[in-house]
Each structure stands twice: as C-alpha cells, then as structure tokens.
Amino acid sequence: MTGERASDQARAPRLVISSRMTREPDSERVRVPQPVMRSRLPSGRGATEQPNVTGDGEAALTTVFWVLVLLTGIGAGLLGDAMMVILFNVQHLAYGYSVGSFFHMGNFETAVEHASALRRVADLMIAGAFGGGAWYLLRRYTAGEKSELDDVVWRGGRLSARRSIGTGIISEIVIGLGASVGREQAPKLLGGVVGSLLADRFRLTPAQRRLLVACGGGAGLAAVYNVPLGGALFTAEILLGTLTLPVVLPALACSMIATVTSYLYLPARATYLGIPQYHLTSSLMVWAVLAGPVIGLIAVAYIRLIGWISHHAVSGRRVIPAMLAAFTALGLIGIAYPQLFGNGKDMAHDAFIGVGGLSLLLMLFALKPIVTAMCLGSGASGGLFTPTLSTGAVLGGAAGILWSMAWPGSPSGAYAIIGAAAMLGAGMQAPLASLVLVIELTYSGFQIIPPMMTATIIATLVARHVDGYSIYSARLRAEPASLPAEPAALPAEPASLPAEPPVPPAEPASLPADGR
C-alpha cells in the first residue's frame, strides 16, 4: 500500500500539469481584432458575453477606416454648411430673411408673414417651375443612378455623387422658396456621398463601405441641426439597426466631427431657441398615457399617406407642370397660413413656446401633412424629419389645450414637446433617437422626460403593432418585377463569431479518494 500511495503521489503533479496544458488555449481571447491583453480574467469568462461588445466582423475598424471616419465627418460638416448657405441666402432673396456672416438671424415665418400675398404665390410658382425643370433634367441625364441613402445602406449599391449633389442643391433652393419638405435630406445624402467616395478610393470592403456611408448620413443630419448625439443614434438605430460598439463608436466620432466642423458657419446653439424648462405634473403623465395610442394611430395614417404618395409620385416630363401646380397651390394656401412654408421649423417652435390658439393648431395639424404630401407627390425630393416633428408638435399643443380645460396645470408648450417626440418616435420607428433628438434640438424637456418617454413608447408600440413602416421605409421605391431583390449588405458584425466561452473549472484529478 505504501508503494502504491507513493506511486499515486508521483503521478499527481503530472495530472495537474496535464490539466493546465489542456486549459491554456481556452484562456485566450476569441474577439477579432485581438485586444492588447491576450489573457482572460481569472474567472475565465469572456468579454464578448456582453452583447454589445462584439468583434469588428466584416467592417474591420482599421487605422485606415478611422482616418476615413475623420475625413467623412469633416466632409459632412463642410457640405452641411454649404447646403445651409444655399438655403439661407435663397430665403433672404425670396422673403428678406436676414443672414449673418457666420449665422442666420431672424425668423423665416415672420419674413413670410411680412411678404405680400402676391410675393408668396410668385415665389412658390418660381420654386415649382425651377424645381420641376431642374429635377426632370437631372433625372433624365442620371437615369439609373442612385441618390437614396436609406436604400443604399439597407439594400446595397452606390450613391451617385453627381445626382446626389444635384438633387441636394435643387432641394435646398425650393425649400428656401417655401416648399414644404425637410431640409435635412440634402446634408444627410451628401454626408453619405463623402463616405461612399472615400470607400471607393481606399477600396473598403462592402461592410466597411456600408458602415462609413451610414456614419456620413447621420453626421450630415447632426451637422445642420447641432445634434451630435442624435445624429449618431440616427446612424445606429435607424440606418444600421444595432447599438454594438463597432457601430456606435464610429457613428459618435463621425457625428461629433461633422458638428464641430459645421461651427465654421452654423452657430453652436440649439436649433429651437428660448424653449422654457417645463415642469413635470400629474396632468402631463396621465395625458401622455392617453395620447400615446392616438399619436401612434395618427402616425400610421401619416406614414401610409407618405408611402402611397411616394409610390404614385409624378415622373418624367409630367414633373414640370405637376410641380408648378402643386407649389402654386401651396402658395395660395400660404396666404392664410404662412406657417406652412418651408420645413415647419418655425411652426414647431411656436408650438413649443405656447404660441397659437386651438383652431390655428388644429388647422396646421391637418394641413401640414397634406401640403408635404402634395410637394412629394409632384416629384420633389426632400426630407420628412422636421415636417413630422412639427406635425406632432402642433397636434400635441392642440390636444394639450383641450386637456387643460379638464385638468389645468401645464402650458400647451409642454404638450407640444411630448407630442413632437411621440410623433417622431412612431414615425421613424426609433424611440431612442427621437427622444434624444428632441432634447438636443430644444435644450429643454429634461424635467418632462418621463411623460415624453411614456407617450413615445406607447405611440411607437402602437404604430409597430398596427403597421410597422416608418417615414423612411415607406418611401422606398418598388423594385422591378423582372429583377430579383438585391441581397442585403453584409452586417457590420458577423453572427458567426461566438462569444468568448467561459473556461470550465479544472477537474480535481489529483484529489485522493477520501476527498481531502
């Protein structure tokens, strides 16, 4: 027995050494790229077990890629400034809207109100004649080329630089003259173009290209509205649909760089100035719960209208007379309601500060979607971000006035901010981005975040359950019936990379039979 025990003791160290040798490979990191520290923590658990801490996947965040993120951000900021220079100067020429050397001053809505009825109609007729002819020629000579950022990011392909730049310039000119579409499409599109051109020049992989183009799109939005965090969330939540680190980090960097670059011309301040800091009340909370489902259903109808109009939009030579007619009709309506001119920024601002009675707010709520759809249906290209936000703002303000008759305690501006966030969240199907964007745009709403979240969550949930389209997916063009759908672009991170598996504990192979 003594000899057998000595023999067991002699073998025990070899068993322990053998166990350690088999465990060593499992202690290595599996993330790609490998971190500097190659060994795991003593627990043996993997860092990538946290779901957002993934590997880079196909969109490798190389040094070259980070340099291109920097260049894309700078390009998006500069082109955003260029688009705003065009917009503000056209507004100044058309309505006397003041433009400073480094920032714009005054109020576009006030300038329109001071213009005569004839001038309002004439400016919109000029916008229709110019826009119809310019877009017809641009589309004729760039047929088959793409200028839809969302479609390119979601389904693949390449943005056409000449078509995108052309449609961006035309869009800002007609908006400056009073067309009821959003100004953000042009800078968003051109930010994506910068990323696309750099991706071509440096031969990025398809997944790297997709990520860079999406970052450029969000950066363009961030630059013209001074919303760096909102622009990054627009990239991650809407364009790429993920909040993993390999997406969030370049999105944040690109939007921040674009926003800082845009300060060369645009001011470093909130888009909506002078918004009061509203206080939380029980009335607001209860209203948010009740208003959420209603706003969600209204958003569904609004999105369906946009989708139908986008599919049946006028094309070819008919764009010229159709746009002239549609814009002239807007000019005539604008004689009574000048708030409808442009993207709706000043309309939303008035609602946020509590300006406007019940009948005016209800009329603007009814008319803004109609005139926006009319412009898009005539063949115009433009964004829907601010038209959607302003529609929600006047809806919230009107509903708040009615609610206050039964339960007073909060000003209509507080309801307008909540309505804007809920309508934007349901319309974009992106509640997180919408909440951050409204707060960044107004530098307000911090104390009423709970009712803002409540209304936005419920509205988005209802819209998702009833339909599920957004203001962006509803505008995607029909694919030719003879061609198969193009496969989706490669994801930014592959699903095939496993999370770092935990290391199992070593078996007590060397313990004696009695367990000591």
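## Helices first

The expected span of a helix is 1.5 Å times one less than its number of residues. Helices here are DSSP runs of H or I with at least four residues, strands are runs of E with at least two, and both are numbered from the N terminus. Before we go on: this is a predicted model, where local features need pLDDT of at least 70 and side-chain atom pairs count only at pLDDT 80 or more, while totals for chains, interfaces and linings use all residues. Residues are numbered from 1 along each chain as its sequence is written, and side-chain values use heavy atoms, with hydrogens and water left out.

So what does the protein's secondary structure come to? It's 18 helices and zero strands. Take helix α2, residues 63-95: its 33 residues reach 48 Å from first C-alpha to last, close to the 48 Å expected. Right after α2 comes glycine 96, with a positive phi near 80°.

## Inside and outside

A residue is called buried under 20% relative accessible area, exposed over 50%, and partly exposed in between (1.4 Å probe, protein chains only). By that rule, 53% of the protein's 516 residues are buried. The protein exposes about 22400 Å², and carbon and sulfur atoms supply 66% of that; the areas come from the Shrake-Rupley method with a 1.4 Å probe, and for residues only the protein chains shown count as cover.

Contact means heavy atoms within 4.5 Å. Among the protein's contacts with a separation of 6 or more, 81% are between residues 24 or more positions apart.

## Helix α16 and the core

Now for α16. Its 17 residues should span 24 Å, and its end C-alpha atoms are indeed 24 Å apart. Why is α16 described as largely enclosed by the rest of the structure? Because 17 of its 17 residues are buried. Glutamine 429 follows α16, and its phi is positive, near 55°.

A nonpolar core is a set of buried Ala, Val, Leu, Ile, Met, Phe, Trp, Tyr and Cys residues joined through side-chain atoms within 4.5 Å. The largest one has 138 residues, and those touching the most other members include Tyr95, Phe385 and Met428. α16 gives the most to this core, with twelve residues. Met452 is also on that list of most-touching members. Leaving aside residues up to four places away in sequence, methionine 452 touches Ile417, Ile418, Ala421, Leu435, Val438, Ile439 and Gly445.

## Rings that pair up

Rings of Phe, Tyr and Trp (its six-membered ring) pair if their centres lie within 6.5 Å; planes under 30 degrees apart are stacked, over 60 edge-to-face, and the rest tilted. The structure holds eight such pairs. Phenylalanine 234 and tyrosine 472 are edge-to-face, because their centres are 5.6 Å apart and their planes at 90°. Phenylalanine 234 lies in helix α9 and tyrosine 472 in the segment after α18, so this pair ties together parts 238 residues apart in sequence. Both partners are buried: phenylalanine 234 at 1% and tyrosine 472 at 6%.

Tryptophan 287 and tyrosine 415 are edge-to-face too, at 4.9 Å centre to centre and 80° between planes. Here α11 meets our friend α16, with the two residues 128 apart in the chain. Tryptophan 287 is buried at 5%, and tyrosine 415 at 0%. Tyr95, Phe108 and Phe341 form one aromatic cluster.
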